[in-house]
Amino acid sequence: MPTTDTETGMAPDPTAERALLEQFDAIVERNDRVEPRDWMPEGYRKTLIRQVAQHAHSEIIGMQPEGNWISRAPSLRRKAILLAKVQDEAGHGLYLYSATETLGPSRQELTEMLLAGKQKYSSIFNYPTLSYADVGTIGWLVDGAAICNQVPLCRTSYGPYGRAMIRVCKEESFHQRQGYELLMTMMQGTDEQRAMVQESVNRFWWPALMMFGPPDDESPNTAQSMAWGIKRNTNDDLRQRFVDMSVPQAEALGVTLPDPELRWNEERGHHDFGQPDWDEFMQVVKGNGPCNAQRLAHRRRAHEDGAWVREAALAFADKSGGLDTPALVPREGYSTSETEEVR
Amino acid sequence: MSDRREWPLYEVFVRGKRGLNHVHVGSLHAPDDDMAIRHARDVYTRRNEGVSIWVVRSADITASSPDEKDPLFAPSGDKVYRHPTFYDIPDNVPHM
């Protein structure tokens with residue numbers, strides 16, 4: 001039973017809008033979940049669209065760095081594992097696109113915004129995978145950092161996002177463990193293989209720390225996102241948690257983390273560590289990282305190369321008489337979504 | 001690309017194992033029912049999550065409002081006598 005409120009996100013008059021806002025605030029306050037057809041402030045909706053879409057795009061673009069090594073995996077076992085992992089990333093992207101669509105934008109609009117560079121994806125995927133050890137390092141550090149970010153997001157205030165994160169987190173543990181096991185295997189190999197692992201860790205450590213976003217005092221959206229229950233921890237808190245987790249893992253593996261300032265701080269009960277190069281971070285965000293152009297070009301090509309498949313599927317559905325419903329009418333803009341109402 | 005229509009949205013329900021209900025697990029786009037089942041297999045059951053899948057066009061679902069203040073659910077709110085704990089039974093009465 002949609003009202004004008006849920007369709008437009010706008011209340012008909014200020015008093016009604018205040019009542020809706022109070023109801024929304026109460027849901028967030030008692031740690032309940034906001035569901036797609038609830039009224040929500042426009043800022044909340046926009047912030048979520050930006051964050052969840054970026055998350056979805058990251059999973060899809062994230063298939064590329066590791067996909068690079070599928071055809072050159074050193075054994076059938078490693079190849080099967082890597083294929084399964086990259087397939088998981090596609091699945092994660094689809095869970096998250098579905099969650100984003102409940103907020104208004106269509107799948108097509110989301111795809112177009114990624115291809116046009118109007119929505120971003122995680123900067124970590126703009127770094128190249130230069131050696132096979134990178135497959136292991138990405139599993140250990142990049143997926144490890146992703147887990148740190150994502151576990152608290154299972155309790156995010158927006159229902160569909162939280163449910164997607166629960167599915168993602170269940171599968172992400174396999175990703176991290178296969179990566180760590182790969183590195184352990186290489187560390188038991190030759191000196192050359194051990195050097196490959198260390199070189200790979202040296203390249204990925206700092207970009208992995210950047211995955212948590214800029215320091216808290218330079219992250220203007222954090223306070224509002226936490227007040228809305230979208231984020232549950234600050235960037236710096238999560239970064240600290242990740243460093244504390246990674247240090248003993250690095251020791252067990254026998255690699256050095258490339259930070260001269262990294263040491264245990266007895267007083268704080270945490271590790272002290274150096275700051276990543278935030279200028280580099282901003283450059284990569286702006287599109288000037290080592291692989292930005294390549295990643296988007298590859299994604300565009302894949303999308304164009306797949307056009308005939310999408311058309312053939314539509315033609316077949318047309319022939320079978322299944323396509324004459326309103327759901328297939330091309331949509332313009334967000335708020336006209338037919339499907340939104342039943343989600 | 002000449003045909004830019006979007007594939008319709010489907011809701012996916014999976015029976016985890018025999019004896020359990022089908023449970024809603026998420027949604028996906030597909031051009032028709034058969035493809036929806038195939039996509040659901042790939043997206044939602046990569047790790048033996050189920051023994052049976054239902055897919056249904058989202059547009060075919062009729063929904064109540066999820067708002068818990070909805071008057072639709074009000075009639076059940078004040079009928080505490082529908083719950084077993086409403087009735088005081090002495091402790092010495094067995095098996096009840």
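Author: A residue is called buried when its relative accessible area is under 20%, exposed when that area is over 50%, and partly exposed in between. The structure discussed here is a predicted model.

Reader: Is Ala307(A) buried or exposed?

Author: Ala307(A) belongs to helix H14 of chain A, which covers residues 307-319. Its relative accessible area is 12%. The limit for a buried residue is under 20%, so Ala307(A) counts as buried.

Reader: How many Å separate the C-alpha atoms of Ala307(A) and Tyr95(A)?

Author: Along the chain, Ala307(A) and Tyr95(A) are 212 residues apart. In space, the separation of their C-alpha atoms is 22 Å.

Reader: In which helix of chain A is His55(A) placed, and which residues does His55(A) contact, leaving aside its neighbours within four places in sequence?

Author: The helix of His55(A) spans residues 42-61 and is H3 of chain A. His55(A) is buried, because its relative accessible area is 11%. With neighbours within four places in sequence left aside, the contacts of His55(A) are Leu96(A), Gln150(A), Leu153(A), Tyr161(A) and Met165(A).

Reader: What is the relative accessible area of Thr137(A)?

Author: Thr137(A) is part of helix H7 of chain A, residues 133-153. Residues up to four places away in sequence not being counted, Thr137(A) touches Val142(A), Leu183(A), Ser200(A), Val201(A) and Phe204(A). Thr137(A) is classed as buried, and its relative accessible area is 0%.

Reader: What is the phi of Asn31(A) near?

Author: Most residues other than glycine have a negative phi. Asn31(A) sits in the loop between helix H2 (14-29) and H3 of chain A, and it is partly exposed, with a relative accessible area of 46%. Asn31(A) is a residue other than glycine, yet its phi is positive, near 60°.

Reader: Where in chain B is Asn48(B), and is Asn48(B) buried or exposed?

Author: Asn48(B) also has a positive phi, near 55°, in a residue other than glycine. Its place is the loop between helix H1 (33-44) and S3 of chain B. With a relative accessible area of 76%, against a limit of over 50%, Asn48(B) is exposed.

Reader: In which order do the three strands of chain B form an open sheet, and which strands stand at the edges?

Author: The pairing in this sheet is antiparallel, and the order of the strands is S2-S1-S3. Two strands have a single partner strand each, so one side of each is left without a neighbour in the sheet. From one strand to the next, the twist averages 25°. The edge strands are S2 (22-29) and S3 (52-57).

Reader: How many bridges join S1(B) to S3(B), and over how many bridges do S1(B) and S2(B) pair?

Author: Strand S1 of chain B covers residues 9-15 and runs antiparallel to S3(B), to which it is joined by six bridges. The pairing of S1(B) with S2(B) is likewise antiparallel, and it extends over seven bridges.

Reader: Which residue of S2(B) stands opposite Val14(B), and which residue of S3(B) is its bridge partner?

Author: A similar question can be put for Glu11(B), which faces Ser27(B) in S2(B) and Val56(B) in S3(B). For Val14(B), the residue opposite in S2(B) is Val23(B), and the bridge partner in S3(B) is Ile53(B).

Reader: How many of the residues of S1(B) are buried?

Author: S1(B) has seven residues, and it is largely enclosed by the rest of the structure. This conclusion holds because the number of its residues that are buried is six.

Reader: Which residue takes a positive phi in the hairpin of S1(B) and S2(B)?

Author: The hairpin has six residues between the strands. One residue of the hairpin has a phi near 100°, namely Gly19(B).

Reader: About how many Å² does the nonpolar surface patch with Ile89(B) make up?

Author: Ile89(B) lies in the segment after helix H2 (74-77) of chain B and counts as partly exposed, because its relative accessibility is 40%. Together with Val80(B), Tyr81(B), Phe86(B), Tyr87(B), Val93(B) and Met96(B), Ile89(B) makes a nonpolar surface patch of about 720 Å².

Key
Residues are numbered from 1 along each chain as its sequence is written. Chains are lettered from A and ligands numbered from 1 in the order in which they are written. This is a predicted model: local features need pLDDT of at least 70, side-chain atom pairs count only at pLDDT 80 or more; totals for chains, interfaces and linings use all residues. Side-chain values use heavy atoms; hydrogens and water are left out. Patches are made of residues with over 30% relative accessible area and no salt bridge: like charges are joined within 9 Å, nonpolar side chains (Val, Leu, Ile, Met, Phe, Trp, Tyr) within 5 Å. Accessible areas come from the Shrake-Rupley method with a 1.4 Å probe; for residues, only the protein chains shown count as cover. A salt bridge is a side-chain nitrogen of Lys or Arg within 4 Å of a carboxyl oxygen of Asp or Glu. Helices (H or I, at least four residues) and strands (E, at least two) are DSSP runs, numbered from the N terminus. Buried means under 20% relative accessible area, exposed over 50%, partly exposed in between (1.4 Å probe, protein chains only). Two strands pair if DSSP finds at least two bridges between them. Axes are lines fitted to C-alpha atoms, for helices over the stretch in contact, and angles run from 0 to 180 degrees between N-to-C directions. Contact means heavy atoms within 4.5 Å.
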